[in-house]
There are 2 protein chains.
Amino acid sequence: MTPEKAYEELLTRMKELALLGNTAGVLGWDQEVYMPGAGAPYRADQLSLLAGLCHQKFTDPQVGGLIDQALAAPGDPLGDKAVNLREWKRSYERSKKLPQSLVEEMARTTSNAQVEWVEARKAKDFKRFQPWLEKIIALTQQQAECYGYEKSPYDALLEDYEPGLTSAQLDQLFPPLKKRLSALVAKITSAPKQPDLSILKRACPIPLQQAFCRRLAEAIGFDFNRGRIDVSAHPFTTGLGPGDTRITTRFEETNFENSFFSTLHEGGHGLYDQGLPSDGHYGTPRASAVSLGIHESQSRLWENLVGRGLPFWKFAFPELKKTFPGVFDDLSLEAFHFAINHSSPSFIRTESDEVTYNLHVALRYDIEVALITGKLKAADVPEAWNKAMKESFGITPPDDSKGCLQDVHWSHGSFGYFPTYTLGNLYSAQFFAAAAREAGPFEPKFEKGDFLPLKKWLNEKIHAEGQRYLAGDLCEKVTGKPLTSDFFLDYLEKKFGALYGV
Amino acid sequence: MTPEKAYEELLTRMKELALLGNTAGVLGWDQEVYMPGAGAPYRADQLSLLAGLCHQKFTDPQVGGLIDQALAAPGDPLGDKAVNLREWKRSYERSKKLPQSLVEEMARTTSNAQVEWVEARKAKDFKRFQPWLEKIIALTQQQAECYGYEKSPYDALLEDYEPGLTSAQLDQLFPPLKKRLSALVAKITSAPKQPDLSILKRACPIPLQQAFCRRLAEAIGFDFNRGRIDVSAHPFTTGLGPGDTRITTRFEETNFENSFFSTLHEGGHGLYDQGLPSDGHYGTPRASAVSLGIHESQSRLWENLVGRGLPFWKFAFPELKKTFPGVFDDLSLEAFHFAINHSSPSFIRTESDEVTYNLHVALRYDIEVALITGKLKAADVPEAWNKAMKESFGITPPDDSKGCLQDVHWSHGSFGYFPTYTLGNLYSAQFFAAAAREAGPFEPKFEKGDFLPLKKWLNEKIHAEGQRYLAGDLCEKVTGKPLTSDFFLDYLEKKFGALYGV
């Protein structure tokens with residue numbers, strides 16, 4: 001077979017695999033959004049069957065042969081063909097390391113575990129989730145052994161989310177970040193000037209929140225002809241095909257922040273998904289996202305760099321007042337903006353703020369590494385969690401729903417995922433600075449509700465490229481510099497320094 | 001391989017096939033309920049891939065071999081094993097007659113056609129749907145040729161929905177039914193006593209309709225822990241697994257009848273699905289519905305025999321008044337009951353009444369036979385439809401959305417489906433009479449909102465049996481008589497005679 005024929009055959013197979021993978025995506029979305037609880041065991045069997053089918057088709061030795069044959073003539077190393085082959089090769093070598101039985105058992109276990117996690121969280125009862133967590137950790141450790149690693153089994157897991165990243169790198173990254181953030185937290189906590197937090201508890205009827213969230217998503221450019229917004233326990237974004245991007249949010253009547261900023265966050269993920277090539281490349285790496293860190297940079301950019309900025313609310317605040325008659329009438333833009341940028345130690349990561357967020361991530365990173373390397377038992381997670389919360393923030397969660405049961409990730413078996421949140425924050429500030437340099441100044445446009453220049457820059461520089469570049473290379477190409485925490489920390493210190501007068 | 005081993009192997013394969021089939025079910029449900037329009041082409045590819053995969057796995061020659069091996073020791077002919085083998089054998093022989101390319105092309109075409117049908121109906125523009133209808137008819141004719149038939153290609157299609165039924169039987173059934181129904185229509189139309197139809201147009205806010213519909217479904221025993229209700233253009237029921245039965249309805253503010261009776265209708269289908277064995281038999285014929293005619297008998301029984309009866313509304317009318325404050329306060333139960341049992345010539349089948357309904361079906365049956373036998377062209381459907389409407393009812397649809405574009409069936413490629421509606425009506429009356437004899441009288445219980453004795457009888461006599469009996473045998477076993485139109489016509493003439501004083 002010629003390299004060209006081998007490549008064509010691979011394209012056909014991989015696009016068919018994407019169809020099956022996105023089928024599992026629909027089942028997963030439905031499970032978290034609409035499926036009745038009694039449907040869980042059967043759904044688990046379906047997802048397990050599909051996961052097994054995909055694994056079987058992708059690890060077919062013929063696929064490996066075709067990749068090697070096609071690699072005989074890869075062409076331009078940054079061309080579509082070479083990019084696809086590079087990523088297929090990496091995934092192929094990685095995925096054939098897992099026996100199909102392990103893939104299926106993980107899919108079945110996590111599908112059931114998610115339902116149990118929802119119940120355990122509702123009941124504030126870690127013990128109910130513990131046996132599932134134990135099983136998932138054991139399976140994850142098996143995965144790491146199958147993948148192989150040089151120094152730490154955790155590195156084998158990181159590879160799924162941020163290819164090439166190691167815990168050694170993270171062990172260098174987190175300590176200085178913690179240090180400068182802790183200093184900022186201390187300044188903010190002792191600042192005499194503090195926002196009026198009661199603003200955030202004003203009752204906003206949920207149907208009006210729904211309407212306003214839809215308006216926010218539309219404003220930043222989320223295309224509802226090619227997507228939806230629904231409700232789930234833990235907000236998420238899932239791309240189900242070209243022209244079908246779904247985001248979710250959650251609502252509490254006396255916590256509008258939760259739904260507004262979840263929507264902007266997931267909307268940012270959604271813009272990335274909608275910005276990927278939806279033409280003939282769909283279903284290949286050339287039309288796929290680079291990494292979780294880069295994905296998270298897009299969500300955090302819209303949620304924080306844009307969505308918690310003063311220019312954004314110069315546009316949105318009058319609309320807010322109109323949407324919620326009588327709720328915010330007495331309020332100044334400045335008081336509102338200060339309130340949505342409050343920073344203080346808190347329990348819930350997704351409700352934490354830009355300053356404290358990465359300290360939450362650091363805590364999870366430490367626990368994950370300890371669990372995977374066997375230094376911590378699942379049964380001891382609540383104690384370890386509460387101890388770390390006390391050390392980082394000086395507070396102790398009143399129950400596990402506000403502690404170690406708050407995140408869905410472990411019930412998904414997603415160990416190694418959390419650190420990508422911090423990478424996302426660092427990338428977001430570095431990208432935003434580059435965008436402002438090239439397509440700004442944005443402020444006067446944002447104030448008028450015009451977010452198109454920023455969206456266009458992200459579409460062209462990041463989304464349209466798919467996986468052409470690895471994360472680090474993309475960052476360097478687009479911003480002119482390797483990833484650094486400077487942009488992020490400078491941004492935080494400037495913004496929060498001004499807000500709190502510190 | 002021993003017959004026992006062959007049977008075990010078949011069970012494993014068929015349950016896996018059911019998992020895949022129900023996966024397509026989730027995709028189909030989502031497509032009609034929540035999917036953004038731009039997702040349609042990709043969804044069509046997914047459904048086509050799954051249909052091809054299922055066809056391939058089911059028509060694998062090994063399956064045929066296993067069936068024959070297992071049939072060497074079938075056991076009791078009404079035992080679980082023999083029932084499963086009987087149905088697998090029939091389906092296997094039938095499905096291997098279709099080439100996979102035809103199965104896939106039909107799936108792809110109908111998936112796109114459904115989207116186009118929605119748009120054409122909205123635009124009242126048959127021309128937009130016509131090319132899709134032409135393509136579907138051509139593919140359907142190909143299917144009939146592949147299946148083979150003795151007298152009419154239409155018989156080959158009927159087999160999908162009501163095994164064993166022929167157009168010759170229907171040609172005997174419809175004319176006398178038409179005659180006795182036409183006589184009743186004439187009497188009703190000229191009766192001096194007529195209901196106040198303005199009652200049916202009273203504005204009922206949709207959120208309150210939603211709450212009341214949920215209450216109706218709960219009242220008849222639909223289990224929301226094991227099911228959902230959503231909204232779609234054309235109401236339908238789909239079983240997605242044990243513990244996951246989904247029904248849909250539709251809402252118009254000034255047409256409460258539409259949502260109430262769609263809910264009871266789909267609720268009846270839902271009760272059948274929830275009543276099928278959900279234990280180890282799930283995914284086999286032993287836990288599947290008998291035929292569309294029997295399925296429809298369950299929906300019509302709850303919609304009409306129960307849901308349009310006076311005892312039902314003695315219970316529900318006070319709840320209705322409470323749910324819609326001020327809307328029905330001035331009304332007597334009798335006036336309301338007469339209004340929801342109005343009968344008169346009308347355009348829309350799903351909004352027609354118990355008396356005229358089967359005349360709508362007869363019209364569709366005639367057109368379908370003419371299309372499939374090549375006596376009528378797709379382009380001439382609007383003219384043929386309007387001519388038949390004039391003959392049957394003396395009225396002409398103002399546009400195609402109220403004429404030949406009103407039903408989703410043809411966009412699904414479901415030719416041969418409509419006659420099962422009439423069979424369902426006949427079965428429903430015959431079953432209800434038997435149930436009343438054995439577990440009644442129901443009236444005093446219905447008046448108190450207690451529908452459990454009827455539900456229990458249906459669960460035990462019909463639902464729990466799965467496909468143990470063929471439709472005709474089931475009817476005879478449960479009611480003591482072969483199917484006859486007497487019960488249905490007697491019921492109609494008695495009820496409508498009393499209401500209209502004719």
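Student: What does it mean to say that Trp302(A) and Phe451(A) are buried?

Tutor: Both residues count as buried, a term that stands for under 20% relative accessible area, with exposed set at over 50% and partly exposed in between (1.4 Å probe, protein chains only). The model is predicted, so local features need pLDDT of at least 70 and side-chain atom pairs count only at pLDDT 80 or more, whereas totals for chains, interfaces and linings use all residues. Residues are numbered from 1 along each chain as its sequence is written, chains are lettered from A and ligands numbered from 1 in the order in which they are written, and side-chain values use heavy atoms, without hydrogens and water.

Student: How many aromatic pairs does a search of the whole structure find?

Tutor: The search finds 75 over all chains. Rings of Phe, Tyr and Trp (its six-membered ring) pair if their centres lie within 6.5 Å; planes under 30 degrees apart are stacked, over 60 edge-to-face, and the rest tilted.

Student: Why is the pair of Trp302(A) and Phe451(A) called edge-to-face?

Tutor: The centres are 6.4 Å apart and the planes stand at 75°. The limits are within 6.5 Å for a pair and over 60 degrees for edge-to-face, and therefore the name applies.

Student: What makes the pair of Trp385(B) and Trp410(B) edge-to-face?

Tutor: Its centres lie 6.1 Å apart with the planes at 85°, so this pair is edge-to-face. Trp385(B) and Trp410(B) are both buried.

Student: How do you know that the charged end of Arg308(A) sits over the ring of Phe261(A)?

Tutor: The charged end is 3.9 Å from the ring centre. The definition asks for NZ of Lys or CZ of Arg within 6 Å of the ring centre and within 35 degrees of the ring normal. Arg94(A) likewise lies over the face of Tyr147(A), 3.6 Å from the ring centre.

Student: How do you know that Cys146(A) is in no disulfide?

Tutor: A disulfide is a pair of cysteine sulfur atoms within 2.5 Å, and a search of the whole structure finds zero over all chains. For Cys146(A), the nearest cysteine sulfur, that of Cys54(A), is 19 Å away, so the limit is not met. For Cys213(A), the sulfur of Cys204(A) is the nearest, at 10 Å, and Cys213(A) is in no disulfide either.

Student: Why is Cys146(A) called partly exposed?

Tutor: Its relative accessibility is 29%, so it counts as partly exposed. Cys213(A), at 0%, counts as buried.
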